[in-house]
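Reader: Could you give me a close look at one part of this model, and then show me how the rest fits around it? I would enjoy a connected walk more than a list.

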Amino acid sequence: MNPVTARPRPMHEGSAAALAGLVLAQPLYRAVCADPSAPLIVAVIGPGGYGKTALLAALRQAYLAAGVSVVGTDTAAIGGAVSQDVAVLVDDAHQLVGPDLERLRRLALTSGVRLVVAYRPCPCPPELVELQDALGAHRPPVLLDRLDRRQTQIRGAALLGETLPAAVVDLLYEQTSGVPRLIDRVVEVLRTEGRLNGDLPELPAEVIAHVRHDLDRLAPQLRALLLAVGLGAIPDPDILAQVLTLDLTVVTDLLSMAHSSGLLLGGGLGEEARVIPLVRQALVAGAAPGTRRVMQRLVLAAHLDRGCPVLEVAHQLVEAGARGRDLASVFETAADAALAEASGSEAAARAAQLYAQAVTAGADPVSVASRRAEAAALAGDLDGALRLADQALSDPSCPDLARAGNVAAAVLARRGLLARSAEVYRWIGTSGVGAATPLAALALLGTGSLAQAREVLAASDGDRPPTLAAGAESLMATGVLESVLGSPLATPTMALSTLTRAAALLEPGGRAVLLPDTPAALAAIVALHCGELDVAVSVLERALACDAGGLCARARHQLLLAWTAMIRGDSALARRWVARAVPESGTLEPREELFAAALAVGLARRESDIPALHSAWAAAREAIVRHPADLFALLPLGELAVAAARLGDADRVAPHLDQARILLKRLGDPPLWAAPLHWYGLHAALLREQPSAAEPHAAALVTAAKSHHYAAVLAVAGRTWMRVLAGAVDPAEVESAARGLQSIGLANDGSRLAGQAAIRTTDRKVMVTLLGCARALQGSGPGATGSSVDDGPTEPVPPGRPAGPAILSEREREVAELILTGLTYRQIGERLFISAKTVEHHVARMRQRLDVTTRDELFAQLRICVGDAAL
């Protein structure tokens, strides 16, 4: 018979939809559509449900549309010679017997035929191997695979005729693992049930029921194997042979069949085999509760016998209500491993959860309380950590009292209770349950107990292993002690170097170390006390990069970076750091709350934003009550003292300042720690217009200046500032003092000193010089900007346009914005480095230009002007 020449046919719409997303099948289909008469001998291989039948159906339709007859699985029709106007399409060839496979092999050796044979990878008898070799001699086989998420989206949209919501695509891909047959099943039910809308679609029960029906047709042994793997069994033949009590050879064959059926995924190089989530749900739903419980126990026993992971199985058993020492031991062991290898707050939270599940499964709560407390603290749950640590410390039979004590002491320190923290650390050492000598000394120094701290450090602590954490703790205590002693051999630079080395020691694994404070934070605080702002930024950024101290320390480091930015005059950066430090709950621990409150107050004060200052002060009053004075919180205390003086509320801070002075006196008034507080005290006294109250602070700075450069600069600036306020302005002295402040990182204070002097001098030339110095220093900060001295020409108002920002000069707009914040003429003058009289002249000109007479009319017009300018 002469060969039939079939005409090319376009792809059929129904076939295109059936093959949507099957990118590995589409080239073969397009080739047949392009030339239906061309000879074709090829194998199509893929697990069950991967699209073999859909591809053959599409090919059948394409051949028939081109006038080519199609012979399917009726192999009797191909017993003899096959006509060249016939296409032979055979599905499920793995189910054929030897003679049928042999006839197909002989046909594959014939030239000019159209033969497509589809089959699963397993079972693969010798006859099928020979057929595969014959087919492969003509062209490589089409190897079908699962779809990725994009292909799943394409297939779902083609089946529905509309775009799928992203949530539905996520559901399809997650539950079906990209198996086309399961995708089709889910989409059909979702369409029928009308559940295609919504952000969180749920898998309908009807889908589970359909899949259960399909699974019921599997061989019982294969279904049992899939259930065992679905319940957490490692798909290892030895494990499964023990669980199922089957011969190893049988289990190996069953695993091959499970993979070939498309129900068990993975198992390749570096990939663990798993059951498709949708299939697992159907298997578990179809098994009786008693059957599930027995299977889970068998899986657990087999894993324990062979030292394999058992956590997933244990989770399932506890959720099902099982209890027992074997289950508790599983969770406890896993929790210990997670805690030992904790690489961050998430790992610590997982350890805490595992300990809780161990208790649920039957573990003794007291025996795991200390470890649970440590895991909770590292995960950021300080309330839970303190409760569990207290539970452990209350029971003398607790096997790990030292760990519980360390947790309690660290949490207490982070909550501002440093004195109580010191007591707990000392108890750990004196009770013989452990050793915490450096941390006890550190806490004692923070509360002003210098003699006790030195006594503790002198005690022997030679039994501690030389770990990185132990080294860091020792350096922390040594560094703070050096900063306090202030001898020629213990300079601020030496103390800062020691603390920086301590921070470096914790960088490799510091996120899993629980301390009362981080060495990076202590180094930054010492750096801030001696004007080394670059060092503070460097050590804090490194700590954040390696997450030193974990979740609880993150806000601490961010707030100290905010403080450094504020001191430098970069308010925008400071606010960004504060915003990052505040958690979603909006609640900080007392220590961090105090710094955040002082930052809000300090930023408002520096910007002369009186309404914002009043608002920030309301929160600061509560924060200062919640945190007793200690050595490491002197900076926020000093900032709050200045704000209190500005707002006429100094009495509220006075008791806390008294505590701080007593603490410093007990430490010997170390210049490094005392100098900044005296600088703040001097400012507070001057704001209260009490020069006599400023004298003791100025004198203390002069005394500290003998051994401390930072204090020496402050002493000169303090004396100069007091003389300026008394009306004695020496321009050379003022500029020298102002630039001295800039040299120790206080450019903003230096700018204010020069500005104060400029508005108090009667010499026009001196005023201009000092204003230039003030603006130069103000512009030296990272976020600071200067303003020109001259107002510049006034822009004309276009005809017919209402009065707006163009009617005011640039300087007048600045004055208008500050007037609307509630500042006085004097405060505006200090902010803009002009005199109060000049501000008054600007206001008079604005009244005239805006044609207003009353104060209310002026404010109304200014709001319009400033609002238009903002737009």
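Author: Happy to. Helices here are DSSP runs of H or I with at least four residues, strands are runs of E with at least two, and both are numbered from the N terminus. Please keep in mind that this is a predicted model.

With those terms, let's begin at Pro-123, which sits in the loop that leads from strand 4 (114–119) to helix 5 (126–136). The peptide bond joining Cys-122 to Pro-123 is cis, and its omega is near 5 degrees.

What does strand 4 belong to? It is part of an open sheet of five strands, arranged in the order 2-3-4-1-5 with parallel pairing. Strand 2 (69–71) and strand 5 (142–143) form the edges, each pairing on one side only. Strand 3 (residues 86–90) runs parallel to strand 4, and four bridges join them; in one of the pairings across these strands, Leu-89 has Val-116 of strand 4 as its bridge partner. On the other side of our loop, helix 5 packs on the sheet and touches strand 1 (40–45) as well as strand 4, with its direction at about 135 degrees to that of strand 4.

Now for the interior. In soluble globular proteins, nonpolar side chains tend to be buried together. Here the largest nonpolar core has 253 residues, and Trp-563, Leu-631 and Trp-673 have the most contacts inside it. A second core, separate from that one, has 21 residues, among them Val-88, Leu-107, Leu-115 and Leu-128. This brings us back to our starting region, since Leu-115 and Leu-128 of that second core fall within the ranges of strand 4 and helix 5.

Back in the largest core, what does Leu-631 touch, apart from neighbours within four places in sequence? Its contacts are Leu-445, Gly-446, Val-480, Val-484, Leu-663, Leu-664, Leu-667 and Trp-673.

The two tryptophans also take part in ring pairs; the structure holds three aromatic pairs. Trp-563 and Phe-595 meet edge-to-face, 5.7 Å centre to centre and with 75 degrees between the planes. Because Trp-563 belongs to helix 28 and Phe-595 to helix 30 (residues 590–606), the pair ties together parts 32 residues apart in sequence. Both residues are buried. In another pair, Phe-632 and Trp-673 have ring centres 5.9 Å apart and planes at 70 degrees, so this pair is edge-to-face too. Phe-632 lies in the loop between helix 31 (610–626) and helix 32 (634–647), while Trp-673 lies in helix 34 (residues 671–687), so the link spans 41 residues of sequence. Phe-632 counts as buried at 9% relative accessibility, and Trp-673 is buried at 1%.

A charge meets a ring elsewhere: the charged end of Arg-580 sits over the ring of Trp-577, 4.8 Å from its centre.

Finally, are the two loop residues with positive phi buried or exposed? Thr-245, between helix 11 (237–244) and helix 12 (248–260), has phi near 50 degrees and is exposed at 69% relative accessible area. Asp-547, between helix 27 (533–545) and helix 28 (550–568), has phi near 55 degrees but counts as buried at 12%.

Definitions and conventions
Residues are numbered from 1 along each chain as its sequence is written. This is a predicted model: local features need pLDDT of at least 70, side-chain atom pairs count only at pLDDT 80 or more; totals for chains, interfaces and linings use all residues. Side-chain values use heavy atoms; hydrogens and water are left out. Buried means under 20% relative accessible area, exposed over 50%, partly exposed in between (1.4 Å probe, protein chains only). A nonpolar core is a set of buried Ala, Val, Leu, Ile, Met, Phe, Trp, Tyr and Cys residues joined through side-chain atoms within 4.5 Å. Contact means heavy atoms within 4.5 Å. Two strands pair if DSSP finds at least two bridges between them. Axes are lines fitted to C-alpha atoms, for helices over the stretch in contact, and angles run from 0 to 180 degrees between N-to-C directions. Rings of Phe, Tyr and Trp (its six-membered ring) pair if their centres lie within 6.5 Å; planes under 30 degrees apart count as stacked, over 60 as edge-to-face and the rest as tilted. A charge sits over a ring if NZ of Lys or CZ of Arg is within 6 Å of the ring centre and within 35 degrees of the ring normal.
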